[in-house]
Every structure is written in structure tokens, then in C-alpha cells.
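Visitor: I am new to this structure. Please show it to me, and let me ask how its labels are justified.

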Amino acid sequence: MKFYYPMSKKTKSKKKKVSPKKEKPISIYDKEFKTLLTNLIGPEAVTVVDQLIKRKNVSEFTVAENLEMNINQFRSIIYKLDAYNLVSGTRKKDKKKGWYIYYWTFHPERLENLYWNIKLRKLKKLKERLAQESKTLFYVCPNKCIRVNLHEGMEMNFRCPECNSLLKEDIPNIKKFEKEIKELEEELKKAGKLQY
Ligand SMILES: [Zn+2]
């Protein structure tokens, strides 16, 4: 039996030339970047970056005042952002007061680099974990206190140091790691960060 479908609008529109997707601009307002900053430094880092993203060379005192932070609180955050290479600072002498004031600039493109570098490092770690998972046996406490490899299990005579239960052989987590690796590789490939 054959079915004939009338040509729907949807089918017709497929013939239209589809314009290529525009590259999404990097934005601190992206959830991923907010999460990244929060995990690396803390939620205050997001509020500081929020202030710095508006213009270049912002005085440390301006940001601290806007956020109702004292200058030392602000500096502890900005130094961490600097350690991750996300900001750059210049100092200028305040002629009236005679001391140095730092002016900071946030570099959003570096945030994106950091984001992908962390993902690449995570992928490497997952692959190492998968390799380990495939080549050695693992033992687990029936009360779920610990999970150790064969060597570690032998050292504790296959007794849980927490509850003294006898450890039992565990199923390797190969599927779990393979899934995580696949997802991560797909994300990295989509972004053009993976060369295979
Ligand atoms: Zn136990």
C-alpha cells in the first residue's frame, strides 16, 4: 500500500537557503560561565566581573564602592581572577592622595579559553580513569563506605576500614565513563576544540 502526502509548507520551506548560524558571542551572562566562575572563585566573582564588563580600566575603588565591599574583599577576588588570567591591571599614582590605585580590565575571550581548557583537562582525566577502570579490579564495601582498587584492597585485607565489613568485587564503571567521555567529546567537537 502506498501513501501520498500533500506537500506541506514545512517540506517546501526546506528548499529555502538556510543562512549559516551566527557564532554566539561570548557573554558572562551565559549560565556556563557563571557556573564556572562560581565554582572556581565564588559567587562574588560573578558580581565583580559584572561590574568590570561594562568598560575598560575600572578603578578598584569604584567597583568596591558599587558592590558595597571593602577594598580588601574586592582585592581578594580580583587577585583570584588575575591568577586565572581573566583580568589585567594597571596602576596609577593618585596625585592628591599620593598612593597607587589599580585599574582593572576584564577579558571575556580569556574566560572562554579557560572554559574549554578545563573541559579538555576533564576529558584527559576521564580517559585516565577509564583506562584504570578497565585494567584493574575494584572492591567495594557492602555499606558503600569505600571503593578501592585491587592493590588498595589487598593492603586492607579486603576489610572496610570504616565498618570492618568484607569488601566485595565491584563491577567496573566502564559504561559510566564511556558515556561521560562521549558527551564531552561531542561538546568539544561542536566547538571545534577537538582535533579528531
Ligand atoms: Zn564499610
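Guide: What follows covers a metal site and a sheet in this predicted model.

Visitor: What makes C141, C145, C160 and C163 donors of the zinc ion?

Guide: Distance. A donor is an N, O or S atom within 2.8 Å of the metal. The SG atoms of C141, C145, C160 and C163 coordinate the zinc ion at 2.2 to 2.4 Å. Therefore they count as donors.

Visitor: Why is the site of the zinc ion called tetrahedral?

Guide: Four donors earn that word if all angles lie between 85 and 135 degrees. Here the angles among the four donor atoms are 104 to 113°. So the site is tetrahedral.

Visitor: What spacing do the donors follow along the chain?

Guide: The pattern is C-x3-C-x14-C-x2-C.

Visitor: Is C160 buried or exposed?

Guide: Buried means under 20% relative accessible area. C160 has 2%, so C160 is buried.

Visitor: Why is C163 called partly exposed?

Guide: Partly exposed lies between buried, under 20%, and exposed, over 50%. C163 has a relative accessible area of 31%, so the label fits.

Visitor: How do you know that β4 and β6 pair?

Guide: Pairing takes at least two bridges. Three bridges join β4 (residues 138-140) to β6, so the two strands pair. They run antiparallel. Y139 has E169 in β6 as its bridge partner.

Visitor: In what order do the strands of the open sheet stand?

Guide: The three strands follow the order β5-β4-β6, with antiparallel pairing.

Visitor: Why do β5 and β6 stand at the edges?

Guide: β5 (147-149) and β6 (168-170) each have a single partner strand, so one side of each has no neighbour in the sheet. From one strand to the next, the twist averages 40°.

Methods:
Residues are numbered from 1 along each chain as its sequence is written. This is a predicted model: local features need pLDDT of at least 70, side-chain atom pairs count only at pLDDT 80 or more; totals for chains, interfaces and linings use all residues. Side-chain values use heavy atoms; hydrogens and water are left out. Donors are N, O and S atoms within 2.8 Å of the metal (3.2 Å for Na, K and Ca); water is not among the atoms, so sites may look incomplete. Four donors count as tetrahedral if all angles lie between 85 and 135 degrees; four count as square planar and six as octahedral if opposite donors are over 155 degrees apart and all others between 65 and 115; anything else is irregular. Buried means under 20% relative accessible area, exposed over 50%, partly exposed in between (1.4 Å probe, protein chains only). Helices (H or I, at least four residues) and strands (E, at least two) are DSSP runs, numbered from the N terminus. Axes are lines fitted to C-alpha atoms, for helices over the stretch in contact, and angles run from 0 to 180 degrees between N-to-C directions.
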